[in-house]
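Thanks for asking me to look this one over. My comments are below, as numbered points.

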Amino acid sequence: MSTTPEAAGRDAGAAGALMGSCPLPRSNYKEIVLAHGSGGKLSQRLMQEVVLPKFRNELLEPLHDGALFSVGDARLAFSTDSYVVSPIFFPGGDIGKLAIHGTVNDLSMCGAKPLHLSVGFILEEGLAMDDFRRIVASMREAADEAGVTLVTGDTKVVDRGKADKIFINTSGIGAVARGVNIDPRRARPGDKILLSGAIATHGIAIMSVREGLEFETEIASDTAPLNGLVQAMLATGRDIHVLRDPTRGGVTSALGEITQAAGTGMILEEARIPIDEAVKGACEILGLDPLYVANEGKLLAIVPAEAADAVLATMRAHPLGREAALIGEVTADHPGFVLMKTRVGGTRVVDMLSGEQLPRIC
């Protein structure tokens, strides 16, 4: 499911996959804090304590990136996401492009072919009309690139000072082909973990603008529609067990959610995880762990060992998967935990994000 507590958006719902098998201790927070929107542990608690008890049902129960259901003979996926990114324009994209890509990608992580989207704009009085036109034009370009149609929407305006320029919600519906079964609970010991490319680029692109950092080469967001890559992977005919886009909370939070949903463990190899040198350097300057930094154009795939080579080759043949790598495997050991073999030969636990590294990142 796609439900960010921060603004009803992305990954906390998927993070809620923990709820069925590994309840978290009740928190004592009296107010919402930024970390409730991190996609990590506090996001899970927010879902577990407030939302899920009121709405639990058979479609919600899997807590996927979208709900999967049938209408007649058609299998459909439905997803929703909200965007509150600050700043609204950043290297490589803007809030409008992000809003289209995000819902397209959530549907794709369900194995669906995205078809139609809705949009809801919450505009703050005083937003420059030229900025709004620029965002809408960017959304149109992103929709055309992804091959989806925006078919309905809504606009609200709030008083000056009651929002932050613009918030956007997008919802979408997609078609799931017969035989496709993508589910975080399907991860099995022996499965291989594939990553489509270098991590942490989007989060660092946002942070560099906020902090006024300049690098020898510009770090631009990796936001992109992943539906073409996913459809190419599915076209191999291999049984892909799990797909996940590691947005807020990063790679390790996404994998942590899957381990707990499936009741398995995972082991990663640090040396195999691709990261751009400029991004790596920026993370060191900012004191950030790239494994927890948001991505907006990357995906994780968990596939049976015998399918890994074929799926990886297909990913590398696609423009959005040229740097794809096999970064680890699912294990029967240490269920619910992700471990990593470090570059120096040790092993450490990579836990889910506990606080909030980068607020307002999507």
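The points below go through the basis of the model, a sheet, the cores and a helix pair.

1. A word on the basis: this is a predicted model, in which local features need pLDDT of at least 70 and side-chain atom pairs count only at pLDDT 80 or more, while totals for chains, interfaces and linings use all residues. Residues are numbered from 1 along each chain as its sequence is written, and side-chain values use heavy atoms, without hydrogens and water.

2. Have a look at the open sheet of 5 strands, ordered 1-2-7-5-6 with mixed pairing. Strands here are DSSP runs of E, at least two residues, and helices are runs of H or I, at least four, numbered from the N terminus; two strands pair if DSSP finds at least two bridges between them. Strand 1 (67-71) and strand 6 (149-158) each have a single partner strand, so one side of each lacks a neighbour in the sheet.

3. Within that sheet, strand 2 (residues 74-83) and strand 7 (residues 166-176) pair in the antiparallel sense over 8 bridges. S82 has N169 of strand 7 as its bridge partner.

4. The largest nonpolar core (buried Ala, Val, Leu, Ile, Met, Phe, Trp, Tyr and Cys joined through side-chain atoms within 4.5 Å; buried is under 20% relative accessible area, 1.4 Å probe, protein chains only) has 63 residues, and I166, I168, I193 and L255 touch the most other members. Helix 4 (residues 129-146) gives the most, 6 residues.

5. Lastly, helix 6 passes helix 9 in a right-handed crossing (the near helix is turned clockwise from the far one by less than a right angle). Their contact residues comprise 5 nonpolar, 1 polar and no charged, with Ala, Val, Leu, Ile, Met, Phe, Trp, Tyr, Cys and Pro counted as nonpolar, Asp, Glu, Lys and Arg as charged, and the others, Gly among them, as polar; contact means heavy atoms within 4.5 Å.

Conventions:
Buried means under 20% relative accessible area, exposed over 50%, partly exposed in between (1.4 Å probe, protein chains only).
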